[in-house]
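Pull up the model and keep the sequence next to it while you read. We'll take a walk through it, one stop at a time.

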Amino acid sequence: MTNFEHIPVLFNETIEGLNIRENHIYMDCTIGGAGHSSEILKRLNGTGLLVGIDQDEFALYTSEKRLREIGDNFKLFNNNFELFRENLDSLGISKVDGILLDLGVSSHQFDEASRGFSYNYDAPLDMRMNKSTRITAKDIVNTYSKEALMKIFYEYGEEKWSKRVAEFIVKARNSKTIETTFELVEIIKAAIPKGARSGGPHPAKRIFQALRIETNDELGVLRRSLGDMIESLNPGGRICVISFHSLEDRIVKDTFKYYYLDCICPPEVPVCTCNKKREIEIITRKPITASKEELAINNRAHSAKLRIAEKLEV
């Protein structure tokens with residue numbers, strides 16, 4: 001197994017955005033190789049607690065080794081961040097002082113060929129971030145209807161050739177099960193006209209992205225979790241979310257907007273009856289993006305957007 005190498009995106013901006021204070025509790029819900037969390041633990045300076053979550057067992061193994069070199073005031077959980085509340089309850093913690101979400105897939109997961117995330121390596125069509133979950137990309141490719149495939153390719157991958165790719169997949173699987181990444185790549189290349197494939201990104205990039213999002217229910221998990229995370233912050237606590245996809249960023253933006261509003265009554269209602277209170281201050285009116293210097297050394301940062309909010313006393 002390869003080393004878990006991953007350059008943390010928007011590192012300085014995220015660490016400063018969390019406003020880390022000694023004797024407080026911070027949660028990294030996508031700890032990966034502990035790129036951000038190593039600095040969080042350093043700034044806690046032996047006090048407080050860091051709680052780390054990741055679906056990837058090898059990521060947690062790597063994180064633990066790296067964090068042990070800094071301190072022992074941390075707890076790690078091997079599950080989806082959708083279960084963050086259960087993890088905190090198991091520790092007897094009701095509220096935390098900072099939450100970090102670095103969404104998407106790590107560089108290590110892309111580079112580990114057997115995981116099936118990358119169109120650059122021939123491997124089984126898997127794409128599961130948590131290997132214990134049931135559904136794989138192979139299941140989706142071989143069982144979803146043409147209409148369902150077309151929908152996820154268009155919505156999650158923003159692929160304009162979604163219908164044609166879905167049609168070619170259905171036709172191919174009628175002859176034999178589509179088993180590997182390279183088999184799927186060849187189908188995609190056949191479906192997208194040669195002229196449309198020249199000069200742009202790899203023709204399979206958007207399709208593979210869409211399959212990864214669907215396989216791991218990434219958008220659903222984010223929708224179901226983000227509000228609960230905001231409600232689990234102490235007053236003055238910060239939440240930092242790094243997204244890599246326009247749909248992810250929209251979920252974060254809309255959720256922050258909802259918790260920022262102090263009234264959700266229809267405009268035609270003359271007097272507020274909803275009793276809603278503003279719960280956060282939005283620190284980033286526009287998302288923070290990578291600097292030219294970071295882009296020069298980390299290609300993954302090109303699509304990264306960081307949004308930050310702070311919990312208010314309600």
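What follows is a tour of a pocket, two helices, some cysteines, a few aromatic rings and some backbone oddities. Keep in mind throughout that this is a predicted model.

Let's start with the second largest pocket. Its volume comes to about 190 Å³. Which residues line the second largest pocket? The set is Gln55, Asn80, Glu82, Asn130, Thr133, Ile135, Thr215, Asn216 and Asp217. Sort that lining by class and you get six polar residues, two charged ones and one nonpolar. Both domains have a hand in it: domain 1 (11-108 + 218-311) and domain 2 (112-216) each supply at least three residues to the lining.

One of those lining residues, Thr215, leads us straight into helix 11, where Thr215 is among the buried residues. Helix 11 covers residues 205-215, and eight of its eleven residues are buried, so the rest of the structure largely encloses it. Besides Thr215, the buried ones are Ile207, Phe208, Ala210, Leu211, Arg212, Ile213 and Glu214. Notice that Arg212 and Glu214 are on that buried list, and that both belong to the charged class. After helix 11 comes Asp217, with a positive phi near 50°. Asp217 should sound familiar, as it is also part of the pocket lining.

Helix 2 (residues 35-44) tells a similar kind of story. Seven of its ten residues are buried, so this helix too is largely enclosed by the rest of the structure. Here the buried residues are His36, Ser37, Ser38, Glu39, Ile40, Leu41 and Leu44. And what does the backbone do after helix 2? Asn45 follows the helix, and its phi is positive, near 55°.

Why bother pointing out a positive phi? Because most residues other than glycine have a negative one. With that in mind, two loop residues deserve a look. Met127 isn't a glycine, yet its phi is positive at about 70°. You'll find Met127 in the loop between helix 5 (107-111) and helix 6 (137-143). Is Met127 buried or exposed? It is buried, as its relative accessible area is 0%. Asn275 is another non-glycine with a positive phi, this time about 60°. The loop that holds Asn275 runs between helix 13 (246-260) and strand 6 (280-282). Asn275, with a relative accessible area of 64%, counts as exposed.

While we're in loops, stop at Leu83, which sits between strand 3 (74-77) and helix 4 (84-90). Leu83 is partly exposed, with 31% relative accessibility. How many residues apart in sequence are Leu83 and Asp228? They are 145 residues apart along the chain, while their C-alpha atoms are 11 Å apart in space.

Now for the cysteines. A disulfide is a covalent bond between the sulfur atoms of two cysteines. How many does the structure hold? The count is zero. Take Cys240: the nearest cysteine sulfur belongs to Cys29 and is 12 Å away, and Cys240 is in no disulfide. Cys240 is also buried, at 0% relative accessibility. Cys274 is in no disulfide either, and its nearest cysteine sulfur, on Cys272, is 3.6 Å away. Why doesn't that pair count? Because a disulfide needs the two sulfur atoms within 2.5 Å, and these are 3.6 Å apart. Cys274 is partly exposed, with a relative accessible area of 27%.

Last stop: the aromatic rings. The structure holds three aromatic pairs, and two of them are worth a visit here. The ring centres of Phe58 and Tyr61 are 6.0 Å apart and the planes meet at 20°, so this pair is stacked. Both residues belong to helix 3 (residues 57-68), where a spacing of three residues puts them about one turn of the helix apart. Phe58 is buried, at 16% relative accessible area, whereas Tyr61 is partly exposed, at 48%. Tyr258 and Tyr259 make an edge-to-face pair, because their planes are at 85°, with the ring centres 5.3 Å apart. Tyr258 is partly exposed at 39% relative accessibility, while Tyr259 is buried, with a relative accessible area of 8%.

Conventions. Residues numbered from 1 in each chain as written. Predicted model: local features only at pLDDT ≥ 70, side-chain atom pairs only at ≥ 80, totals over all residues. Heavy atoms only, no water. 1 Å grid on protein atoms, 1.4 Å probe; cavity = no way out; pocket = protein on both sides within 12 Å on 5 of 7 lines; lining within 4 Å. Points joined across faces, edges and corners; volume = space filled by probe spheres on them. Domains from an automatic or database assignment. Buried < 20%, exposed > 50% of the residue type's maximum accessible area, 1.4 Å probe, protein only. Phe/Tyr/Trp six-rings, centres within 6.5 Å; stacked < 30°, edge-to-face > 60°. Helix = DSSP H or I, 4+ residues; strand = E, 2+ residues; numbered from the N terminus.
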